[in-house]
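Reader: Could you walk me through this model and show me how each label is earned?

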Amino acid sequence: MRLFEAIIEANHRAVAGDPDAGLHPADFADSLPIAALTCIDVRLNPLMPSVLGVPEDQFIWLRNAGNIVTSPLSSTMRSLSLACAVKGAEEVAVIGHTDCQVCKTTTTQLLERLKNLGIQRQMLPDNVNEFFGMFGSERQNVIKACEIVRASPLIGPKIPVHGLLLDIQTGKLEWLVNGYEAWATMSSKWNDVVRSAGETVDKLKPLMDFSIGEMKFPETKIGETVTQATDWLSQKVGSLQVPPAEAPPTELAPAPKAMNIAARIVDVAQQHWPKPPIAPARPFQKPPIPPPIRVRPPFPKGGKK
Ligand SMILES: [Zn+2]
């Protein structure tokens, strides 16, 4: 059994009520650590990485709003690449979640909320959806992200790329993309492209319009989006009318069932993973606070003239 097969099995057993369900991370030391890309949703904070049963020190956590990967050379892709190359991640997982607010937000709502933050429509790119990578299906978003990661020249063919969807209410994981299968049957098309391009990213840049299946990569040049955004800004900064801020959307209810599942799985995992030595307790020391700045000469009473 391989790492994510064990993760899914333990998760499903825990969801079904098995109190002994859990990962034995020491059995999969060669597949750890993993690098995971998740959404920024705060409800994930207490669930990751517990819900996977992976120890915290073996979980390299990358986050962005909506766990979106926009292109094979994007900033997120570069971080994933460095997670493998510098931090030694052995496997990559894109983990989406149900009830994702990025998915639920319509273009009209997004523009309205940006407007409430003082960002006017003309300051934004024409295709706001594409610019932010908005999506209408959490599943499709994970599958698309995995395709882009798998196809990226920044991720070597040795790294399995998995796609999962976490049910934020129950804690159940759905394995949407089995990275081991995709790894074994990986299309040689991209490899040919990489080889013919001399295996350098610079030479791949003109090929970024290359489509895999239905997918198109909108970015054609590294940093193009940022440059365009900067151009818009420099052209369009003008009379900004900032409307009063509206109250943010109310915080969503936590998911107690998912929390229970996560706690149960990680309990078992912790029994099967070496614990770091406990640092001796130290009394909390307040950081030094700089003294108040004395103004000389003192301002005259009534303020400046
Ligand atoms: Zn989300």
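Reader: What spacing do the donors of the zinc ion follow along the chain?

Author: The pattern is C-x57-H-x2-C. This is a predicted model, and in it the zinc ion is coordinated by Cys 39 through SG, His 97 through NE2 and Cys 100 through SG.

Reader: What makes these atoms donors of the zinc ion?

Author: The cut-off for a donor here is 2.8 Å from the metal, and these atoms lie at 2.1 to 2.3 Å. They are therefore counted as donors.

Reader: Why is His 97 called buried?

Author: Buried means under 20% relative accessible area, and His 97 has 1%, so the label fits. Cys 100 is also at 1% and counts as buried. Away from the donors, Cys 146 is buried at 4%.

Reader: How do you know that Cys 103 is not in a disulfide with Cys 100?

Author: A disulfide needs two cysteine sulfur atoms within 2.5 Å. The closest cysteine sulfur to that of Cys 103 is in Cys 100, 6.3 Å away, so the gap is too far for a bond. A search of the whole structure finds zero disulfides. Cys 103 is itself buried, with a relative accessible area of 15%.

Reader: Why is H1 called oblique to H11?

Author: Helix H1 (residues 3-15) and helix H11 (residues 256-271) have axes that come within 10 Å and cross at roughly 125°. Roughly perpendicular covers 65 to 115 degrees and roughly antiparallel begins over 145, so H1 is oblique to H11. Their contact involves Ala 10, Asn 11, Ala 14 and Val 15 of H1, with Ile 261, Arg 264 and Ile 265 of H11. The crossing is right-handed.

Definitions and conventions
Residues are numbered from 1 along each chain as its sequence is written. This is a predicted model: local features need pLDDT of at least 70, side-chain atom pairs count only at pLDDT 80 or more; totals for chains, interfaces and linings use all residues. Side-chain values use heavy atoms; hydrogens and water are left out. Buried means under 20% relative accessible area, exposed over 50%, partly exposed in between (1.4 Å probe, protein chains only). Donors are N, O and S atoms within 2.8 Å of the metal (3.2 Å for Na, K and Ca); water is not among the atoms, so sites may look incomplete. Axes are lines fitted to C-alpha atoms, for helices over the stretch in contact, and angles run from 0 to 180 degrees between N-to-C directions. Helices (H or I, at least four residues) and strands (E, at least two) are DSSP runs, numbered from the N terminus. Angles under 35 degrees count as roughly parallel, over 145 as roughly antiparallel, 65 to 115 as roughly perpendicular and the rest as oblique. A crossing is left-handed if the near helix is turned anticlockwise from the far one by less than a right angle, and right-handed if clockwise. Contact means heavy atoms within 4.5 Å.
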